[in-house]
Amino acid sequence: MNSPLPKPTLDAALADLAANDSFKVVLKFIRDSREGAIADFSSCENPHDVMKNAGGIARMDELLSILDVSQVA
């Protein structure tokens, strides 16, 4: 009976992706989008827009934190 291959951990997967140029492009896109969203605060016209923008920034911050290859052991 064949046993399934072990699934990599998130740290192992990130370590594999760290040198991948396409992964670096994705990270740069998220960072650039975050910076753009911060700049968009000046064009928010009401509290709803501010909260929506802040939520987007928080999601991007969380993604960048999860995908931070410098934290991989």
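A salt bridge is taken here as a side-chain nitrogen of Lys or Arg within 4 Å of a carboxyl oxygen of Asp or Glu. In the predicted model, Arg34 and Glu35 meet this criterion, their closest N and O atoms being 3.0 Å apart. By the same rule, the count of salt bridges comes to three. The arrangement of helices α2 and α3 is described below, followed by the charged pairs.

Helix α2 spans residues 21-39 and helix α3 spans residues 47-66. The axes of these two helices come within 9 Å and cross at roughly 155°. Because angles over 145 degrees count as roughly antiparallel, α2 and α3 are therefore described as roughly antiparallel to each other. The crossing of α2 and α3 is left-handed. On the α2 side, the contact is made by Leu27, Ile30, Arg31, Ser33, Arg34, Ala37 and Ile38. On the α3 side, the contributing residues are Asn53, Ile57, Met60, Asp61, Leu63 and Leu64. By residue class, the contact of α2 with α3 comprises eight nonpolar, two polar and three charged residues.

Side chains of opposite charge can pair when their charged atoms come close. One such pair joins the two helices: Asp61 forms a salt bridge with Arg34, with the closest N and O atoms 2.3 Å apart. Asp61 lies in helix α3 and Arg34 in helix α2, so this pair ties together parts that are 27 residues apart in sequence. Both Arg34 and Asp61 are also among the residues that make the contact between α2 and α3. Asp61 is partly exposed, with a relative accessible area of 31%, and Arg34 likewise counts as partly exposed, at 22% relative accessibility.

Arg34 also takes part in the salt bridge with Glu35 introduced above. Glu35 counts as partly exposed, at 47% relative accessibility. Arg34, Glu35 and Asp61 are thus linked in a network of salt bridges.

A further salt bridge is formed by Lys28 with Asp32, the closest N and O atoms being 2.8 Å apart. Lys28 and Asp32 both lie in helix α2. The two residues are four residues apart, about one turn of the helix. Asp32 is partly exposed, its relative accessible area being 43%.

Technical notes
Residues numbered from 1 in each chain as written. Predicted model: local features only at pLDDT ≥ 70, side-chain atom pairs only at ≥ 80, totals over all residues. Heavy atoms only, no water. Axes fitted to C-alpha atoms, helices over the stretch in contact; angles between N-to-C directions. Parallel < 35°, antiparallel > 145°, perpendicular 65-115°, else oblique. Left-handed = near helix turned anticlockwise from the far one by under 90°. Contact = heavy atoms within 4.5 Å. Nonpolar A, V, L, I, M, F, W, Y, C, P; charged D, E, K, R; others polar. Buried < 20%, exposed > 50% of the residue type's maximum accessible area, 1.4 Å probe, protein only.
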